[in-house]
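Subject: Structure handover

Hello,

Here is the structure I said I would pass on. My notes on it follow below.

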Amino acid sequence: MIKCVMDIEHLQKKYGNGWLKHYNSLKNNSKYTKYNVKRRQHWDDFDHYREHVKQLTEGNKQNVTNIHKRGFNSYHLDHKISIRYGFDNGIPAESIAHESNLEMVYWKDNIRKADDCKIDDENKWILIEEDLDTVE
């Protein structure tokens, strides 16, 4: 195994409970950003699309009802029309990340949902827009 400064086990042994703070500082250090760039070169198109949707979602999340309940084992921010469906059907990332396509869902329900889609009055415009684009 190649020893890497980013090795979490190494940081846990060295810093104990404070390992995460050191990991984040190393990760954000410009000296180690090459590591992240090199890793991203192996991403496929879906990985890039998903990352773009997530970045756009972060900018839209403040308008989602009950966003303050968000947590790992409480509520998740869910894309009603899934990111996978958006990618597979050529829907723009901006539409999938739109606030009308976001909702807070209990974490277990979100995991069960996986890539299933929920269409309602708020987000059906995304699919209508997609159909119009395929006709042109």
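How many salt bridges does the count come to? The count comes to 10 salt bridges. Please keep in mind that this is a predicted model.

Salt bridges

I start with the pair Asp120 and Lys80, whose side chains meet at 2.8 Å, N to O. This salt bridge links distant parts of the chain, 40 residues apart: Asp120 sits in the loop between H7 and H8, and Lys80 in the loop between E1 and H5. Lys80 has a relative accessibility of 3%, so it counts as buried.

A second pair is Lys118 with Glu103, where the closest N and O atoms are 3.0 Å apart. Lys118 is in the loop between H7 and H8 while Glu103 belongs to strand E2 (residues 102-106), so this salt bridge ties together parts that are 15 residues apart in sequence. The two partners differ in burial class: Lys118 is partly exposed, with a relative accessible area of 38%, and Glu103 counts as buried at 16% relative accessibility. The cut-off for buried is under 20% relative accessible area.

The side chains of Lys124 and Asp121 also form a salt bridge, at 3.5 Å from N to O. Here Lys124 is partly exposed, with a relative accessible area of 38%, and Asp121 is exposed at 67% relative accessibility. Elsewhere, Glu58, Lys61 and Arg70 are joined into one network by salt bridges that share partners.

Nonpolar core

The largest nonpolar core has 11 residues in all, among them Phe46, Tyr49, Val53, Ile83, Ile96 and Leu127. At least two residues of this core come from each of H4, helix H6 (93-96) and H8. H4 supplies the largest share, 3 residues. As for Val53, leaving aside residues up to four places away in sequence, its contacts are His79, Ile83, Ala93, Ile96 and Ala97. Of these, Ile83, Ala93, Ile96 and Ala97 are listed in the core together with Val53.

Largest pocket

The largest pocket holds about 450 Å³ of space. It is lined by 17 residues, and those closest to its centre are Lys54, Leu77, His79, Ile83 and Asn110. Ile83 therefore appears both in this group and in the largest nonpolar core, under the definition of a core as a set of buried residues joined through side-chain atoms. His79, a contact of Val53, is also among the residues closest to the pocket centre.

Which elements each supply at least two residues of the lining? They are helix H4 (45-60), strand E1 (75-79), helix H5 (83-88) and helix H7 (107-113). H4 gives the most, with 5 residues. By class, the lining has 8 charged, 5 polar and 4 nonpolar residues.

Backbone

Two residues other than glycine have a positive phi and may be worth a look. For Asn66, phi is near 65 degrees. Asn66 is placed in the loop between H4 and E1 and is partly exposed, with a relative accessible area of 35%. For Ala114, phi is about 55 degrees. Ala114 lies in the loop between H7 and helix H8 (124-135), the loop that also holds Asp120 and Lys118.

Regards

Conventions
Residues numbered from 1 in each chain as written. Predicted model: local features only at pLDDT ≥ 70, side-chain atom pairs only at ≥ 80, totals over all residues. Heavy atoms only, no water. 1 Å grid on protein atoms, 1.4 Å probe; cavity = no way out; pocket = protein on both sides within 12 Å on 5 of 7 lines; lining within 4 Å. Points joined across faces, edges and corners; volume = space filled by probe spheres on them. Helix = DSSP H or I, 4+ residues; strand = E, 2+ residues; numbered from the N terminus. Nonpolar A, V, L, I, M, F, W, Y, C, P; charged D, E, K, R; others polar. Buried < 20%, exposed > 50% of the residue type's maximum accessible area, 1.4 Å probe, protein only. Salt bridge = Lys/Arg side-chain N within 4 Å of Asp/Glu carboxyl O. Core = buried A, V, L, I, M, F, W, Y, C linked by side-chain atoms within 4.5 Å. Contact = heavy atoms within 4.5 Å.
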